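Dear colleague,

Here is the structure I promised to pass on to you, with the sequence alongside. My notes on what was found in it follow below.

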Amino acid sequence: MPDAEEQAVLDRLAQEVVRRRLATPALLLLEVGRPLNFVSAQALHFLQPLLSGIADARSLEVFARLVERRGAVDALIARIEALEPS
């Protein structure tokens, strides 16, 4: 279960995905990439110095830590689906 800081990052990410009308491609990518969660998290940790120029460094760190755990993708998918208009 995500803590309050992780939940805030998930909410912000899900809101941006839905706002940009990218829910369907994001859900597809999340489902297909589910087996690579841990590898993706390690890539985020590795690329954090570069990515911090275009995104909040703290949010990247929290998201990378979150993605390392099982259930994080499910939580993000559920949040996107909850925000997506029917």
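A small point to begin with: where does Arg21 lie? In this model, which is predicted rather than determined by experiment, Arg21 sits in the loop between α1 and α2. Its backbone deserves a look, since most residues other than glycine have a negative phi. Arg21, which is not a glycine, has a positive phi, near 60°. Arg21 also counts as exposed, because its relative accessibility is 76% and the cut-off for that label is over 50%.

The core

The largest nonpolar core has 22 residues, and those with the most contacts inside it are Leu10, Leu30, Leu44, Phe63, Leu76, Ile77 and Ile80. The elements that each give two or more residues to this core are α1 (4-19), α2 (23-32), α3 (37-51), α4 (57-67) and α5 (72-83), and among these α4 gives the most, with 6 residues.

Helix α4 is therefore a convenient place to start reading, and its buried residues are Ser59, Leu60, Val62, Phe63, Ala64, Leu66 and Val67. These buried residues of α4 pack against α1, α3 and α5.

Leu10, which belongs to helix α1, is a useful residue to display next. Leu10 counts as buried, because its relative accessibility is 0% and the label applies under 20%. If neighbours within four places in sequence are left aside, Leu10 is in contact with Pro2, Phe63, Leu66, Ala75, Leu76 and Arg79. For orientation, the C-alpha atoms of Leu10 and Ala57 are separated by 15 Å, with their positions 47 residues apart along the chain.

How the helices pack

Two packed helices are described by the angle between their axes and the distance between the axes, and three pairs are set out here in those terms.

The axes of α1 and α4 come within 9 Å of each other and cross at roughly 100°, and the two helices are therefore roughly perpendicular to each other. On the α1 side the contact is made by Glu5, Glu6, Val9, Leu10, Arg12 and Leu13, and on the α4 side by Arg58, Ser59, Val62, Phe63, Arg65 and Leu66. Sorted by class, the contact of α1 with α4 has 6 nonpolar residues, 1 polar residue and 5 charged residues.

Helix α1 also packs with α5, at an angle of about 45° and with the axes 9 Å apart, which makes α1 oblique to α5. The crossing of α1 and α5 is right-handed. Here α1 contributes Gln7, Leu10, Asp11, Leu13, Ala14, Gln15, Val17 and Val18, while α5 contributes Ala75, Leu76, Arg79, Ile80 and Leu83. The residues of this contact between α1 and α5 divide into 9 nonpolar, 2 polar and 2 charged.

For α2 and α5, the axes come within 10 Å and cross at roughly 165°, which makes α2 roughly antiparallel to α5. The crossing of α2 and α5 is left-handed. Ala23, Ala26, Leu27, Leu30 and Glu31 in α2 meet Val73, Leu76, Ile77, Ile80 and Glu81 in α5, and by class the contact of α2 with α5 has 8 nonpolar residues, no polar residues and 2 charged residues.

Two further residues

Asn37 is found in helix α3. Is Asn37 buried or exposed? Asn37 counts as buried, because its relative accessibility of 14% falls under the 20% limit. Not counting residues up to four places away in sequence, Asn37 touches Val67, Arg69 and Val73.

Gly71, for its part, is found in the loop between α4 and α5. Gly71 is described as partly exposed because its relative accessible area is 37%, which lies between the limits for buried and exposed. The C-alpha atoms of Gly71 and Arg34 are separated by 9.8 Å, although the two residues are 37 residues apart along the chain.

If you open the model with only a few minutes to spare, I would suggest displaying Leu10 and its contacts, which include Phe63 and Leu76, and then turning to the loop between α1 and α2 to look at Arg21.

With best wishes

Methods:
Residues are numbered from 1 along each chain as its sequence is written. This is a predicted model: local features need pLDDT of at least 70, side-chain atom pairs count only at pLDDT 80 or more; totals for chains, interfaces and linings use all residues. Side-chain values use heavy atoms; hydrogens and water are left out. A nonpolar core is a set of buried Ala, Val, Leu, Ile, Met, Phe, Trp, Tyr and Cys residues joined through side-chain atoms within 4.5 Å. Buried means under 20% relative accessible area, exposed over 50%, partly exposed in between (1.4 Å probe, protein chains only). Helices (H or I, at least four residues) and strands (E, at least two) are DSSP runs, numbered from the N terminus. Contact means heavy atoms within 4.5 Å. Axes are lines fitted to C-alpha atoms, for helices over the stretch in contact, and angles run from 0 to 180 degrees between N-to-C directions. Angles under 35 degrees count as roughly parallel, over 145 as roughly antiparallel, 65 to 115 as roughly perpendicular and the rest as oblique. Ala, Val, Leu, Ile, Met, Phe, Trp, Tyr, Cys and Pro count as nonpolar, Asp, Glu, Lys and Arg as charged, and the others, Gly among them, as polar. A crossing is left-handed if the near helix is turned anticlockwise from the far one by less than a right angle, and right-handed if clockwise.
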